[in-house]
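Trainee: Could you walk me through reading burial, contacts and salt bridges in a model?
Mentor: Sure, let's pull it up.

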Amino acid sequence: MSEPRMSPHMLGIYLNDHLAGATGGAELARRMARQHRRSAFGADLENLAVQIMEDREALRAVMAALEVPVRRYKLCGGWLGEKAGRLKLNGRVLRRSGLSTLIELEGLRIGVEGKAMLWHTLLVAAGHDARLEPDRLSELLDRARRQRTALKSLHDTAAAALFATARPEERESVVGP
């Protein structure tokens, strides 16, 4: 009797949707790291950006192991979604504000939460599909949890700086341009 397998069609949709989100998240993390290079957030954001890009590649490796083809149109959608997210109003017409940083950190937090759910789901599925590596999935889930903690700290710092009663120029130095 052969081992039961996940529905290839549903699995493909699920993983490609997460890959699209990971693509947008990696773009956002990279851009934030670049923009905050000289701010108090710089080193943390650079570290997170590297990890988020590595996690995206880990997802692609899982998809390859499961023989799930990458749907390029979904990747393009994730990439375009991140670009469209830059068009939001932030209280300024031509440049970023501290509010931009806060909203972008919230976007990363949502993405990392989704990624943690992905790794958790695949870890559950690993009990039914030998192509999935439980130890690797556990490592990825643990890393997502650490990222969640780091982003919460950055978000709390940005929120406190943005909404504190300090003068605007003092807030800018903490939350970035």
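**Reading burial and salt bridges**

Mentor: Let's start with Glu-113, which at 31% relative accessibility counts as partly exposed. The labels work like this: buried means under 20% relative accessible area, exposed means over 50%, and partly exposed is in between, with a 1.4 Å probe and protein chains only. Before going on, keep in mind that this is a predicted model, where local features need pLDDT of at least 70, side-chain atom pairs count only at pLDDT 80 or more, and totals for chains, interfaces and linings use all residues. Also, residues are numbered from 1 along each chain as its sequence is written, and side-chain values use heavy atoms, with hydrogens and water left out.

Trainee: Which residue forms a salt bridge with Glu-113?

Mentor: The general idea: a salt bridge is a side-chain nitrogen of Lys or Arg within 4 Å of a carboxyl oxygen of Asp or Glu. Here the partner is Arg-148, with the closest N and O atoms 2.8 Å apart. Arg-148 sits in helix α5 (residues 134-163) and Glu-113 in helix α4, so the pair ties together parts that are 35 residues apart in sequence. Helices here are DSSP runs of H or I, at least four residues, numbered from the N terminus. Arg-148 is partly exposed too, at 30% relative accessibility.

Trainee: How many salt bridges does the structure hold?

Mentor: There are 11. One of them joins Asp-156 and Lys-152 at 2.7 Å, N to O. Both residues lie in helix α5, four residues apart, about one turn of the helix. Asp-156 has 37% relative accessibility and is partly exposed, and so is Lys-152 at 41%.

Trainee: What about Arg-56 and Glu-57, buried or exposed?

Mentor: Arg-56 is buried, at 15%, while Glu-57 is partly exposed, at 44%. Their side chains meet in a salt bridge of 3.1 Å, N to O. Salt bridges can also link up: Glu-54, Asp-55, Lys-115 and Arg-143 form a network of them.

Trainee: And how do I read contacts, say for Leu-105? Which residues is Leu-105 in contact with?

Mentor: Contact means heavy atoms within 4.5 Å. Leaving aside neighbours within four places in sequence, Leu-105 touches Met-32, Phe-41, Leu-45, Leu-151, Leu-154, His-155 and Ala-158. Take Ala-158: 53 residues away from Leu-105 in sequence, with a C-alpha to C-alpha distance of 8.7 Å. Leu-105 belongs to helix α4 (residues 98-125) and is buried, with a relative accessible area of 0%.

Notes
Helices (H or I, at least four residues) and strands (E, at least two) are DSSP runs, numbered from the N terminus.
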